[in-house]
Amino acid sequence: MKKILVINGPNLNMLGLREPAIYGSRNYNALLEFIRTSAAQLGLEVECFQSNHEGAIVDCIQQAYGKFDGIVINPAAYTHTSIAILDALKSVAIPTVEVHLSRIEEREEFRQFSYVSLYAEKAITGLGFDGYREALKHFA
Ligand code: CA2
């Protein structure tokens, strides 16, 4: 069974509390439930990680080396700033799909550039929770 690591970045643990028009009204626990159910249906083993800290996300990616067949990552605000996360993904060379709940390419200019997209095989944006299932499908 393929092992997939799902990484969620800063503030995604606050889902459902604010900005439901952009991010939906379901909370982070509902997202975890959705990811685990989708993975089971697709015959994938999944591990989920969330952090508000860039270095912790870099550590998590490094520790995935040799252990996971794929990474699904929503780096949240670090998408637009983090060369460190991009370099970590390149260093472990694990196939990666990037996910965003919202359609970042249609939002503020500062959200339209993604460092992670320079490495990811695919970016799925604007599908809300369903984007994570589409990303898992990529590996199934
Ligand atoms: O659309 C996405 O998935 C984002 O990665 C979400 C990030 C944002 O910084 C990216 O530009 C796009 C934000 C994560 C969650 O932010 C919240 C804001 C208010 C209330 C709850 C969460």
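## A tour from the ligand outward

Start by selecting Leu101 and the ligand together: a backbone N or O atom of Leu101 lies 2.7 Å from an oxygen atom of the ligand. Keep in mind as you look around that this is a predicted model.

Next, add Ser102 to the selection. Its side chain places a polar atom 2.6 Å from a ligand oxygen. Then show the side chain of His80, where an N or O atom is 2.7 Å from an oxygen atom of the ligand.

Now switch on a surface for the ligand. How much of the ligand does the protein bury? Taken alone, the ligand exposes 510 Å², and the protein buries 92% of that. If you display pockets, look for the ligand in the largest pocket.

Widen the view to the shell around the ligand, which has 16 residues. Those that come nearest are Asn74, His80, Leu101, Ser102 and Arg111. Try colouring the shell by residue type: eight of its residues are nonpolar, five are polar and three are charged.

Finally, zoom out and turn on the cartoon. You should find five helices and five strands in the protein. Tracing the chain along the sequence, you pass through them in the pattern β-α-α-β-α-β-α-β-β-α.

With the whole C-alpha trace in view, its span along the principal axes is about 40 × 35 × 25 Å. Does the radius of gyration agree or disagree with a compact globule? The protein has 14 Å, which agrees, because a compact globule with 140 residues would have a value near 14 Å.

Conventions
Residues are numbered from 1 along each chain as its sequence is written. This is a predicted model: local features need pLDDT of at least 70, side-chain atom pairs count only at pLDDT 80 or more; totals for chains, interfaces and linings use all residues. Side-chain values use heavy atoms; hydrogens and water are left out. A residue is near a molecule or strand if one of its heavy atoms lies within 4 Å of it. A polar contact is a pair of N or O atoms within 3.5 Å; within protein, one must be able to donate a hydrogen and the other to accept it, and residues adjacent in sequence count only if both atoms are side-chain atoms. Accessible areas come from the Shrake-Rupley method with a 1.4 Å probe; for residues, only the protein chains shown count as cover. On a 1 Å grid over the protein atoms alone, a cavity is a set of points where a 1.4 Å probe fits but cannot get out, and a pocket is an open set with protein on both sides within 12 Å along at least five of seven lines; lining residues have an atom within 4 Å of a point. A molecule sits in a cavity or pocket if more than half of its atoms lie within 2 Å of its grid points. Ala, Val, Leu, Ile, Met, Phe, Trp, Tyr, Cys and Pro count as nonpolar, Asp, Glu, Lys and Arg as charged, and the others, Gly among them, as polar. Helices (H or I, at least four residues) and strands (E, at least two) are DSSP runs, numbered from the N terminus. The radius of gyration is taken over C-alpha atoms; the globule rule is 2.2 Å times the number of residues to the power 0.38.
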